[in-house]
Amino acid sequence: QLYYQVLNFGMIVSSALMIWKGLMVVTGSESPIVVVLSGSMEPAFHRGDLLFLTNRIEDPIRVGEIVVFRIEGREIPIVHRVLKIHEKQNGDIKFLTKGDNNAVDDRGLYKRGQHWLEKKDVVGRARGFVPYIGIVTILMNDYPKFKYAVLFLLGLFVLVHRE
Amino acid sequence: LRKNVEDFTGPRERSDLGFVTFDITADILNGKKWFANGLNIFDWNVKQLFLYLSAEYSTKNNALNQVVLWDKIILRGDNPRLFLKDMKSKYFFFDDGNGLKGNKNVTLTLSWNVVPNAGILPLVTGAGHVSVPFPDTYETTKSY
């Protein structure tokens with residue numbers, strides 16, 4: 001009986017993992033789903049919105065697109081819009097971003113001495129989104145007790161569900 | 001979609017800086033949706049439109065350059081018809097180098113990002129575009 005429960009739990013976890021990894025491959029992005037953390041893209045996106053990204057190399061970066069990028073040395077990805085691009089014949093591209101709700105472009109956010117972003121800084125391009133859903137992630141981050149409560153409830157549910 | 005522009009350039013250190021003034025007359029419709037009284041891009045799932053005017057051109061340094069000169073957010077409920085005259089660009093039109101001088105092939109296009117309440121985020125390009133040739137000399141008499 002216990003053996004069966006453990007197996008079942010393991011199946012759920014590995015299925016979830018497979019789906020996540022599959023998504024990563026299909027979209028080409030290391031983080032195909034991200035949560036919007038700041039209000040810098042309002043009124044389009046608000047804190048807690050969930051974004052779906054793709055990062056296919058064949059898709060060129062063009063102005064107006066919403067990109068999710070990381071600044072070297074920083075963990076937190078930023079979601080802003082591309083304001084300028086300069087692309088060379090061989091495909092090398094450097095671009096500048098700005099949040100819709102910010103008065104100035106992102107040069108102040110980049111690393112010291114860094115004036116442009118490059119392809120390697122991009123996590124993905126926003127292709128679709130769902131509002132509000134990501135609030136759960138933000139809550140779990142800001143209130144660790146909430147996170148433990150959720151995990152505890154989940155564990156309880158899985159165990160109790162087996163008759 | 002129609003735009004009329006005039007332009008000047010001024011050198012700033014090592015990079016060309018372009019100045020463009022423009023008029024925008026735009027009536028944004030979504031040709032795919034048919035209703036009894038007309039066409040409307042603000043369907044049930046559209047929260048806002050993010051409009052932007054971009055300049056696209058090639059230079060010796062870079063095969064493709066795109067610079068957003070101006071943008072505007074149109075919220076659901078706002079009037080989607082625009083009659084803007086004598087607008088100055090919102091953002092500095094710097095080139096990466098000196099590729100604006102004498103560049104006859106700078107194209108301005110109006111595009112927009114449709115932001116839904118939930119779902120896909122498409123980018124649409126407007127039907128009209130205008131070519132803005134830059135002069136061969138720098139403007140030194142005007143101050144901005």
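User: How many salt bridges does a search of the whole structure find over all chains?

Analyst: Start with the idea. Side chains of opposite charge can pair when their charged atoms come close. Now this case, which is a predicted model. The search finds eight salt bridges over all chains.

User: Can you walk me through one? Which residue forms a salt bridge with Asp59(A)?

Analyst: The partner is Arg127(A). The closest N and O atoms are 3.2 Å apart. The cut-off for a salt bridge is 4 Å, so this pair qualifies. Next, look at where the two residues sit. Asp59(A) lies in the loop between strand S2 (50-54) and strand S3 (66-69) of chain A. Arg127(A) lies in strand S7 (residues 122-130) of chain A. The two are 68 residues apart, so the pair links distant parts of the chain.

User: Now the chains. How many residues does each of chain A and chain B bring to the contact?

Analyst: Chain B brings 30 residues and chain A brings 28. Together they bury about 2,300 Å². Carbon and sulfur atoms account for 56% of that area. On the chain B side, look for Leu64(B), Gln66(B) and Leu121(B). They supply 25% of the area that chain B buries against chain A, more than any other three residues.

User: What about charge and polarity there? How many salt bridges and polar contacts are counted between chain B and chain A?

Analyst: The salt bridge count between the chains is zero. Polar contacts give another picture: 15 residue pairs, with both residues at pLDDT 80 or more. By class, the side of chain B that touches chain A has 18 nonpolar, nine polar and three charged residues.

User: Which element gives the largest share of the side of chain B that touches chain A?

Analyst: That is strand S4 (64-75) of chain B, with seven residues. Strands S3 (46-57), S7 (106-116) and S8 (119-120) of chain B also give two or more residues.

User: How does S4(B) run relative to strand S4 of chain A, parallel or antiparallel?

Analyst: Antiparallel. Four bridges join S4(B) to strand S4 (residues 78-87) of chain A. To see one of the bridge partners, find Lys84(A) and Val67(B).

User: Back to chain A alone. Which domains does the assignment give?

Analyst: Domain 1 covers 1-131, and domain 2 covers 133-162. Their centres, taken over C-alpha atoms, are 25 Å apart. Twelve residues of domain 1 are in contact with nine of domain 2. The area buried between them is about 890 Å², with 65% from carbon and sulfur atoms. Gln5(A), Arg47(A) and Gly48(A) supply 41% of what domain 1 buries against domain 2. No other three residues give more.

User: Which polar features cross between these domains of chain A, and how many?

Analyst: Zero salt bridges are found across the interface. Three residue pairs are in polar contact, both residues at pLDDT 80 or more. On the domain 1 side, helix H1 (residues 2-27) of chain A gives the most, with four residues. That side has eight nonpolar, three polar and one charged residues.

User: Last topic, the backbone. Where is there a cis peptide bond?

Analyst: First the general rule. Most residues other than glycine have a negative phi, and most peptide bonds are trans. Here a cis bond joins Glu42(A) and Pro43(A), with omega about 0°. Pro43(A) sits in the loop between strand S1 (33-35) and S2 of chain A.

User: And what is the phi of Tyr132(A)?

Analyst: Positive, about 70°, although Tyr132(A) is not a glycine. Find Tyr132(A) in the loop between S7 and helix H2 (135-142) of chain A.

Terms used:
Residues numbered from 1 in each chain as written. Chains lettered and ligands numbered in written order. Heavy atoms only, no water. Domains from an automatic or database assignment. Contact = heavy atoms within 4.5 Å. Buried area = accessible area lost by both parts, 1.4 Å probe. Salt bridge = Lys/Arg side-chain N within 4 Å of Asp/Glu carboxyl O. Polar contact = N/O pair within 3.5 Å; in protein donor to acceptor, adjacent residues only side chain to side chain. Nonpolar A, V, L, I, M, F, W, Y, C, P; charged D, E, K, R; others polar. Pairing = 2+ DSSP bridges.
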